[in-house]
Amino acid sequence: MALNLRQRQTECIARMLNLNQPINASGTANEEVYKILIYDKFCQDILSPLIHVKDLRKHGVTLYFLIDKNRKPVADVPAVYFVKPSQHNIQRIISDASNSLYDYFHLNFSSSIPRPLLEDLASGTLNSESIQRISKVHDQYLEFVTLEDNLFSLADKSCYVQLNDPKATDHEIEAIIEKLVSGLFCVLATLAVVPIIRCPRGGPAEMVASLLDQRLRDHLLVKNNLFSESGNFTSSFQRPVLCLFDRNLELSVAIQHDFRYRPMVHDVLGLRLNRLTVQGDKGGMKSFELDRLDPFWVANGSLEFPEVAVEIETQLNKYKKDVDEVNRRTGGSDGAEFDGTDLIGNTKHLMNAVNSLPELTERKQIIDKHTNIATVLLGEIKERSLDSFAKKEYEMMVRGAIDRGELLAVLKGKGTKMDKLRFAIMFLISTETIPQLEVEMVESALREAEVDTSAFQYVKKIKSLNVSLASASSASRSNIVDWAEKLYGQSISAVTAGVKNLLSSDHQLAMARTVEALMEGRPNPEIESYLMFDPRAPKSTSAASSGHMKGPFKEAIVFMIGGGNYVEYGSLQELAQRQQPPKHIIYGTTEILTGGEFVDQLTLLGQKMGLGSTSAAPASAH
């Protein structure tokens with residue numbers, strides 16, 4: 001059975017809401033037991049894409065509050081807490097218990113609670129004589145946000161900046177790696193799988209892989225571990241491969257303008273946690289849900305915008321035709337004599353019409369929703385010439401060059417400051433050798449548009465470092481500080497090396513090509529140097545090249561360190577569907593970023609290195 005992360009996480013949450021008792025056949029908790037749900041902001045984001053507010057009642061939840069909100073006591077009702085294990089949350093729980101807010105506290109932590117915090121909780125509730133109120137304490141291993149069946153994020157902000165900051169200390173880097181490993185461990189525990197781990201040498205991907213391998217090994221030594229239920233099926237159940245990548249493998253994907261529906265709705269309109277707020281067709285703001293319950297979104301998310309507009313039109317015409325058909329059948333024929341058979345026929349048609357009304361109403365709501373979204377998107381496309389940015393960037397990536405006149409025309413034309421900055425950085429990345437004169441022309445065009453050039457200067461800097469450090473050996477794990485500099489050596493080389501085939505005719509991204517090679521398991525020069533870890537194998541053979549570890553694999557979990565987006569997610573889903581038979585790929589990242597948000601992180605790094613024009617207005621301003 002294919003791994004379904006959304007379903008598994010939803011089941012875990014339903015069990016938690018059922019006071020960690022098995023849930024009934026319908027997948028809901030016991031409604032008879034009324035309860036209160038208390039969560040923090042992070043866990044609210046975990047719950048939001050999975051369980052709608054109206055569904056909470058099905059699980060017996062009558063009231064729900066943020067933990068920091070002032071709450072009144074409620075007697076005889078159990079309170080289910082779902083929070084991150086932090087010092088602040090522990091103190092708040094102790095305060096709630098000592099103030100007798102609720103009679104029974106069922107505490108659920110999003111990841112494993114560290115022992116010092118558990119001791120604080122015990123001593124705090126003992127001192128306030130409220131320990132008897134604490135019914136249960138559970139580690140839930142749910143510290144990640146699942147947006148679709150095959151898409152998750154660790155919601156770890158500014159990870160790219162923290163990992164690439166030249167001033168970052170060993171301790172800071174290790175803390176970030178530890179956090180990422182903890183998040184990935186939660187994902188694997190929820191899926192109940194121990195994968196084969198593959199990653200490139202050096203940089204954060206290897207550090208995460210190595211620590212995750214160790215964490216899984218230590219955990220598997222425990223007799224009743226989180227993976228024991230799947231441990232008995234290793235002979236018949238093929239394990240997935242976990243492919244770890246660093247954002248610097250392919251910077252372009254995080255920056256480019258894309259013209260497909262799902263990436264555009266995210267990048268231009270700011271889709272967040274499957275929700276979107278846009279200008280309504282009758283004025284005022286409207287909020288929409290865009291998730292698996294929306295058949296139009298599921299079916300057309302990967303189409304180019306013009307095709308989506310045509311599809312909306314097609315769906316609308318089909319809807320009108322179906323409505324006319326219902327009206328025709330139930331309207332009766334003019335002047336016809338009344339007889340019994342006609343009455344039976346009409347009654348039957350009326351029944352059918354009544355039954356089809358909810359489906360027709362729902363279809364109309366979905367059509368109206370996407371008409372509204374497409375109208376707002378079209379306004380942005382026209383105002384900012386987004387089609388031109390997407391087309392020119394694509395041509396630059398394929399040709400590895402652009403005509404000087406075209407380049408300046410785009411930089412002096414329509415578009416926000418951020419659009420122009422993204423385009424300028426794409427020019428830097430996609431062109432292998434750029435005459436100094438052209439770089440200066442681009443810089444002066446950006447300055448004319450009052451754009452902060454820190455991000456541009458940063459990418460230019462790592463590109464020049466790339467030339468001088470091309471021969472540098474890959475960073476050794478024992479000396480983490482060095483890797484920041486050597487990382488620059490690897491970063492853009494990976495982007496510019498095979499840049500002409502980066503966006504070949506089948507739109508396949510470098511990461512998708514690498515994942516395909518890792519899943520196939522055939523010898524391939526692109527992945528020859530990739531490391532391999534098997535947490536189930538004896539330590540001595542962990543990196544050995546035993547046959548079953550090389551593949552082929554039916555399922556993969558792909559994780560991008562440093563931020564990802566819907567372009568990358570879409571390319572991996574296309575890859576999975578293209579295989580015969582279709583394979584299954586789950587895509588995850590430290591955080592889902594728009595092109596503008598990622599460039600803001602590059603700007604920050606540029607400023608930390610003292611580059612660029614910090615006096616100009618921030619590029620993200622319109």
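**Helix 16, two positive phi values and two cavities**

Trainee: Which residues of helix 16 (residues 404–412) are buried?
Mentor: This is a predicted model, where local features need pLDDT of at least 70, side-chain atom pairs count only at pLDDT 80 or more, and totals for chains, interfaces and linings use all residues. Residues are numbered from 1 along each chain as its sequence is written, and side-chain values use heavy atoms, without hydrogens and water. Helices (H or I, at least four residues) and strands (E, at least two) are DSSP runs numbered from the N terminus. In helix 16, the buried residues (under 20% relative accessible area, 1.4 Å probe, protein chains only) are L407, V410 and L411.

Trainee: How many degrees of arc do they cover around the axis?
Mentor: The arc is taken from the directions from the helix axis to the C-beta atoms. The buried residues of helix 16 are on the same side of the helix because they cover an arc of only 95°.

Trainee: Which residues are exposed on the other side of helix 16?
Mentor: The buried side holds L407, V410 and L411. Exposed means over 50% relative accessible area, with partly exposed in between. On the other side of helix 16, the exposed residues are A409 and K412.

Trainee: What do the buried residues of helix 16 pack against?
Mentor: Packing here is judged by contact (heavy atoms within 4.5 Å). Leu407, Val410 and Leu411 are the buried residues of helix 16. Their partners are helix 15 (386–399), helix 17 (417–430) and helix 18 (436–448).

Trainee: Is L273, with its positive phi, buried or exposed?
Mentor: L273 sits in the loop between helix 11 (261–269) and strand 10 (275–279). Its phi is near 50°, while most residues other than glycine have a negative phi. With a relative accessible area of 14%, L273 is under the cut-off and therefore counts as buried.

Trainee: And E450, is that residue buried or exposed?
Mentor: E450 is in the loop between helix 18 and helix 19 (454–468). It is not a glycine, yet its phi is positive, about 60°. Its relative accessibility is 51%, so E450 counts as exposed.

Trainee: Which two residues does a cis peptide bond join?
Mentor: Most peptide bonds are trans. The cis bond has an omega of about -10°, and its proline lies in the loop between helix 23 (566–578) and strand 14 (584–589). The residues joined are Q580 and P581.

Trainee: Which element gives the largest share of the lining of the largest cavity?
Mentor: A cavity is a set of points on a 1 Å grid over the protein atoms alone where a 1.4 Å probe fits but cannot get out, and lining residues have an atom within 4 Å of a point. The search finds six cavities of 30 Å³ or more, and the largest has about 100 Å³ of space, a volume being the space filled by probe spheres set on points joined across faces, edges and corners. Of its 16 lining residues, the closest to the centre are Q256, P263, D267, N565 and V567, and the elements giving two or more residues are helix 10 (251–255), helix 11 and helix 23. The largest share, four residues, comes from helix 11.

Trainee: Which element gives the largest share of the lining of the second largest cavity?
Mentor: About 50 Å³ of space lies in this cavity. Its lining includes R260, R262, P263, Y566, V567 and E574. Helix 11 and helix 23 each supply at least two residues. The largest share, five residues, comes from helix 23.

Key:
1 Å grid on protein atoms, 1.4 Å probe; cavity = no way out; pocket = protein on both sides within 12 Å on 5 of 7 lines; lining within 4 Å.
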